[in-house]
Amino acid sequence: MTLRVLGIDPGLTRCGVGVVDVRPDRRATLVAVTVIRTPPTMPLEQRLLAVGSGIEDLLDEHGPAVVAIERVFAQHNLHTVMGVAQVSGVALHAAAKRGLTVALHTPSEVKAAITGYGAADKKQVQAMVARILGLAEVPKPADAADALAIAICHAWRGAPPATGGADGAELTPAQAAWRAAERSGRASAGPRRLAR
């Protein structure tokens with residue numbers, strides 16, 4: 001059965017949203033990708049309303065089974081972190097209103113799922129997203145490709161491992177790296193979360 005996932009790379013100025021269909025054999029197909037933009041000069045509440053409305057429209061148009069959002073971690077730029085956290089809250093609210101399950105994935109989990117390496121750079125991730133989806137070029141801007149990577153990461157998370165020899169199943173390098181990144185993310189999630 002094909003799984004439709006809507007991925008969100010949260011941001012106030014640019015919020016990437018990507019929708020993919022992923023088959024049980026892990027083949028992924030692009031359904032839609034866009035970036036919701038708001039100008040910094042707009043009042044905060046209006047920016048959040050615009051991003052929230054855009055996300056809701058996409059949820060209603062494409063009817064995903066699940067929503068995947070990049071997990072917020074503390075950064076040096078508090079202003080940026082606050083905007084990302086606020087948009088994440090708006091997205092969580094929109095999904096919850098529709099009874100959808102939401103998954104949060106760290107950047108290292110996404111990188112590991114897409115490239116097999118949790119410390120891959122953005123260009124490597126974006127190139128792999130284009131390859132996985134059979135696209136002639138990388139989706140632009142980067143927020144769009146990142147949203148697709150988040151969606152693919154979630155769809156692949158629960159996929160059965162590739163079958164090895166007669167002894168049974170073996171993890172692919174990407175699956176093994178993803179699981180290691182997931183364990184690492186869970187172990188460090190407590191101290192790294194933003195203070196409430």
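Here is a walk through this structure, one piece at a time. Keep in mind that you're looking at a predicted model.

Let's start with helix α2, which covers residues 78-97. Does its length make sense, and what span should you expect from 20 residues? At 1.5 Å a residue, the helix should span 28 Å, and its end C-alpha atoms are 29 Å apart, so the two agree.

Now look at which parts of α2 are tucked away. The buried residues are Val81, Gly83, Val84, Val87, Ser88, Ala91, Ala94 and Ala95. If you peer down the axis of the helix, these buried residues fall within an arc of 160°, so they line one face of α2. Turn to the face pointing away from that buried side and you'll find the exposed residues Leu78, His79, Ala96 and Lys97. What does the buried side pack against? Its partners are the strands β1 (3-9), β2 (14-22), β4 (66-70) and β5 (101-105), along with helix α1 (44-62). After α2 comes Gly99, with a positive phi near 70°.

Next, follow β1, one of those partners of α2. This strand is mostly covered, with 5 of its 7 residues buried. It pairs with two other strands, and the directions are worth checking by eye. With β2, the pairing of β1 is antiparallel and runs over 7 bridges; here Val5 has Val20 as its bridge partner. A hairpin of 4 residues links β1 to β2. With β4, on the other hand, β1 pairs in the parallel sense, over 4 bridges, and Gly7 sits opposite Ala68 of β4.

Val5 and Val20 turn up again when you look for the nonpolar interior. In soluble globular proteins, nonpolar side chains tend to be buried together. Here the largest nonpolar core has 22 residues, and Val5, Val20, Ile114, Val129, Leu133 and Ile152 have the most contacts inside it. Strands β2 and β4 and helices α3 (107-115), α4 (122-133) and α5 (142-157) each supply at least two residues of this core. Which of them gives the most? That's α5, with 8 residues.

Zoom in on Leu133 for a closer look. Leaving aside residues up to four places away in sequence, Leu133 touches Val20, Ala28, Thr29, Leu30, Leu148 and Ile152. There's also a second core, separate from this one, with 20 residues. Among its members are Val17, Leu48, Ile55 and Val67.

Key: Residues numbered from 1 in each chain as written. Predicted model: local features only at pLDDT ≥ 70, side-chain atom pairs only at ≥ 80, totals over all residues. Heavy atoms only, no water. Expected span 1.5 Å × (residues − 1). Buried < 20%, exposed > 50% of the residue type's maximum accessible area, 1.4 Å probe, protein only. Arc of directions from axis to C-beta. Contact = heavy atoms within 4.5 Å. Pairing = 2+ DSSP bridges. Core = buried A, V, L, I, M, F, W, Y, C linked by side-chain atoms within 4.5 Å.
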